[in-house]
Amino acid sequence: MRLPARRTACSKQALLTGPSSRDRSVYLSPSFGAAQLGRKEMKISANMRTVSIISCIALLALSALSLFTAASRFHPYFSAASLVVALTLLVVIIVTRGGGPEPKRPKAEAAKPMPVPAANNQAEAEIVSFLATLQEQGRLIDFLMDDITTYDDAQVGAAARVVHQGCKAALQEHFRIRPVREESEGSSVTIAVGYPADEYRLIGKISGAAPFSGTLVHRGWKTESVKLPRIVRVDDRLPTIAPAEVELK
């Protein structure tokens, strides 16, 4: 099958003009130049090794001739030749050791630290998990998110009883809660010097420094221990409070 005349002319012109741009990129590639340089250095090293071997053989031969021709008139020439060969061998050894390129050491990559979950993500996940417990045991989220204005007081009271029982059980399961003051509300109490500021809220007329005396309006609450499940947030979303329930037909 013959090619058209125009295509054949283009093919001949490509052959005459030399290598293509892709071939030129190969010729001008740094890695290709480095390979050529490496081969040249290997060739030089092989030549130096050959010279070293020949010099050693010549030195041994001249030393043997010096031993057997100690009284000969050629002894000074053998000695001088041995000295020249020994110097040549010494120069070759020095050049061979110092002339070779130093091997490139691979760069050690810095160790990447393992990702550590942020503390706030863990706290948020545990809060949502406790909300899920309140929803599961007391239907708290259903009660708070519903519009109770459409129900009468009896319906709200009946729902609140269920929420109260379930949420109280969840609190007692995960928290150890006790009142700040053991006295009954309405009784007279005294606040000593050095009282914890976060355990008291002073209302009314405040003057001077502690101790203070007054009437207990609310006993307050504090937590002595917490036993929430440890949940780590591992993705970009928080855990679900309550899954959607779908009845299949």
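**Exposed patch and largest pocket**

In this predicted model, 13% of the chain's 249 residues are buried.

Q: What makes a residue count as buried here?
A: Its relative accessible area has to be under 20%. That cut-off gives the 13% of the 249 residues.

Q: Why is Trp221 called exposed?
A: Exposed means over 50% relative accessible area. Trp221 comes in at 53%, so it counts as exposed. As for its place in the fold, Trp221 sits in strand E4, which runs over residues 221-226.

Q: What makes Leu171, Ile177 and Trp221 a nonpolar patch?
A: Patch members need over 30% relative accessible area and no salt bridge, and nonpolar side chains are joined within 5 Å. Leu171, Ile177 and Trp221 form such a patch on the surface, with about 300 Å² of accessible area together.

Q: How do you know which strands help line the largest pocket?
A: A lining residue has an atom within 4 Å of a pocket point. Strands E2 (188-191), E3 (212-215) and E4 each supply at least two such residues. E3 gives the most, with four.

Q: What is the volume of that largest pocket, and which lining residues are closest to its centre?
A: The volume is about 650 Å³. Of the 24 lining residues, Ile191, Tyr200, Arg201, Leu202 and Ile203 are the closest to the centre.

Q: How does the lining divide into nonpolar, polar and charged residues?
A: Eleven are nonpolar, six polar and seven charged. Gly counts as polar in that split, and Tyr as nonpolar.

Q: What is the secondary structure of the chain?
A: Seven helices and four strands, in the order α-α-α-α-α-α-α-β-β-β-β along the sequence.

Terms used
Residues are numbered from 1 along each chain as its sequence is written. This is a predicted model: local features need pLDDT of at least 70, side-chain atom pairs count only at pLDDT 80 or more; totals for chains, interfaces and linings use all residues. Side-chain values use heavy atoms; hydrogens and water are left out. Patches are made of residues with over 30% relative accessible area and no salt bridge: like charges are joined within 9 Å, nonpolar side chains (Val, Leu, Ile, Met, Phe, Trp, Tyr) within 5 Å. Accessible areas come from the Shrake-Rupley method with a 1.4 Å probe; for residues, only the protein chains shown count as cover. A salt bridge is a side-chain nitrogen of Lys or Arg within 4 Å of a carboxyl oxygen of Asp or Glu. Buried means under 20% relative accessible area, exposed over 50%, partly exposed in between (1.4 Å probe, protein chains only). On a 1 Å grid over the protein atoms alone, a cavity is a set of points where a 1.4 Å probe fits but cannot get out, and a pocket is an open set with protein on both sides within 12 Å along at least five of seven lines; lining residues have an atom within 4 Å of a point. Grid points are joined across faces, edges and corners, and a volume is the space filled by probe spheres set on the points.
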